[in-house]
Amino acid sequence: MGLKHIPVMVEEVMAFLKCETGRTYVDATLGGGGHASEILKRTAPDGALIGMEWDEDALAEAKNVLMPFGDRVKIFRENFIHLSDLMKAESVDGILLDLGLSSIQLEKEGRGFSFKGDGPLDMRMDQRMNHTAAHLINHLSLEELEYTLSLYGEERWAKRIAKAIGQEREREPIRTTQTLRKIIHHAIPRRFYSWRIDPATRTFQALRIRVNDELENLRKLLETGWKILKKGGRMCILSFHSLEDRMVKETFRTLEKQEEMRVLTKKPVTPSEEERKKNPRSRSAKLRCAERI
Ligand SMILES: C[S@@+](CC[C@H](N)C(=O)[O-])C[C@H]1O[C@@H](n2cnc3c(N)ncnc32)[C@H](O)[C@@H]1O
């Protein structure tokens, strides 16, 4: 397929997961299989990996990359909220969650995640979902749109953007990434443009989170996922925006108070300067890890 995803903070993640021969791990967000193949290399010859991924394109890439590891790998096309059910009574040595988008999704035309090219406003990570971003944009009430943009995008111009969307969709439905981008550009006063990010970034993030129910999925996984860890087993979570990171931090803290988990990262671990330079996508990454006690 030609699109590659560079895994983030591989050495840091592997160290926290304590990958050793014979151990069993879950990678709940396989993506392009980068972290998963490192786990399998480091647990050779008999370590096992259970992988989850809900996106058809990413799944195809992961299957390809993980083929050499044969029956040490089991892959499921599932939302990771079903992890505990999938594992039944089996327990594991570690769980990895690498949230957000892979480059395979971001860069593929037609998926609608990026506003660099033009294409349909889709944004579904799992192609089996019913509602696309276009559906939300054209059908949510303006109050709900404003709420979505300010909650998930922390967009201070949410009201103005929602109003502009309302005006445009009265004329005709909004269907493409470039149409939406232009509406946002007009809605935000030019003097408030950031030199760092495109004015459309926050709106696109908010829509993506809402289309895929990302925070709700994370909340559900955090609620039960840790229960499948063996004593001493670890959960590592890489997040890419503050809403996710806050949720991980707070859940780990609560589990520590309940004496279920011990937090190993009092502060989140972030990528080295060298990695940030090599892989700009890594810049916003935060890694947190906790151990089952
Ligand atoms: C950042 S990528 C993972 C990259 C991977 N660690 C690698 O090294 O290639 C995140 C992946 O998680 C998947 N994903 C996000 N939410 C999911 C969910 N609720 N269930 C299953 N997969 C999910 C996305 O489709 C995406 O492919």
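How many helices and how many strands does the secondary structure of the protein chain come to? I began my notebook with this, keeping in mind that the model is predicted.

**Entry 1: the chain as a whole**

I looked up the secondary structure and found that the protein chain comes to 13 helices and 7 strands. I then turned to the radius of gyration, which is 20 Å, close to the 19 Å that the globule rule gives for 293 residues, so I wrote down that the chain is as compact as a globular protein of that length. Along its principal axes, the C-alpha trace spans about 60 × 45 × 40 Å. I also noted that 53% of the 293 residues count as buried. When I took the contacts between residues at least 6 apart in sequence, 73% of them turned out to join residues at least 24 apart.

**Entry 2: one residue in a helix**

I picked Ala206, whose place is in helix α10. Is Ala206 buried or exposed? Its relative accessibility is 0%, and therefore I entered Ala206 as buried. Leaving aside residues up to four places away in sequence, I found that Ala206 touches Thr148, Leu149, Tyr152 and Gly153. I also looked at Leu145, which is 61 residues from Ala206 in sequence, while the two C-alpha atoms are 9.6 Å apart in space.

**Entry 3: the largest pocket**

I went back to helix α10 for another reason, since α10 gives the largest share of the lining of the largest pocket, namely 5 residues. The volume of this pocket is about 1500 Å³. I found that 38 residues line the pocket, and that Leu106, Ile197, Thr201, Arg281 and Ser284 lie nearest its centre. The elements that give two or more residues to this lining are α5 (103–107), α10 (201–212) and α12 (242–257). By residue type, I recorded the lining of the largest pocket as 10 nonpolar, 14 polar and 14 charged residues.

**Entry 4: the cavity**

Next I searched the whole structure for cavities of 30 Å³ or more, and the search finds 1. Which residues that line the largest cavity are the closest to its centre? Of the 30 lining residues, I noted Thr29, Asp98, Leu99, Gly100 and Met125 as the closest. The volume of the cavity is about 370 Å³. I saw that α2 (34–42), β4 (92–98) and α11 (214–224) each supply at least two residues of its lining, and that α11 provides the largest share, with 3 residues. The lining of the largest cavity divides into 11 nonpolar, 12 polar and 7 charged residues.

**Entry 5: two cysteines**

Last, I looked for disulfides, and a search of the whole structure finds 0. Cys236 is in no disulfide, and the nearest cysteine sulfur, that of Cys289, is 3.5 Å away. Why is there no bond between the sulfur of Cys289 and the sulfur in Cys236? A disulfide needs the two cysteine sulfur atoms to be within 2.5 Å, and I wrote that the 3.5 Å from the sulfur of Cys289 to the one in Cys236 is too far for a bond. I checked the accessibility of each cysteine as well: Cys236 is buried, with a relative accessible area of 0%, and Cys289, at 0% relative accessibility, counts as buried.

Terms used:
Residues numbered from 1 in each chain as written. Predicted model: local features only at pLDDT ≥ 70, side-chain atom pairs only at ≥ 80, totals over all residues. Heavy atoms only, no water. Buried < 20%, exposed > 50% of the residue type's maximum accessible area, 1.4 Å probe, protein only. 1 Å grid on protein atoms, 1.4 Å probe; cavity = no way out; pocket = protein on both sides within 12 Å on 5 of 7 lines; lining within 4 Å. Points joined across faces, edges and corners; volume = space filled by probe spheres on them. Helix = DSSP H or I, 4+ residues; strand = E, 2+ residues; numbered from the N terminus. Nonpolar A, V, L, I, M, F, W, Y, C, P; charged D, E, K, R; others polar. Rg over C-alpha atoms; globule rule 2.2 N^0.38 Å. Contact = heavy atoms within 4.5 Å.
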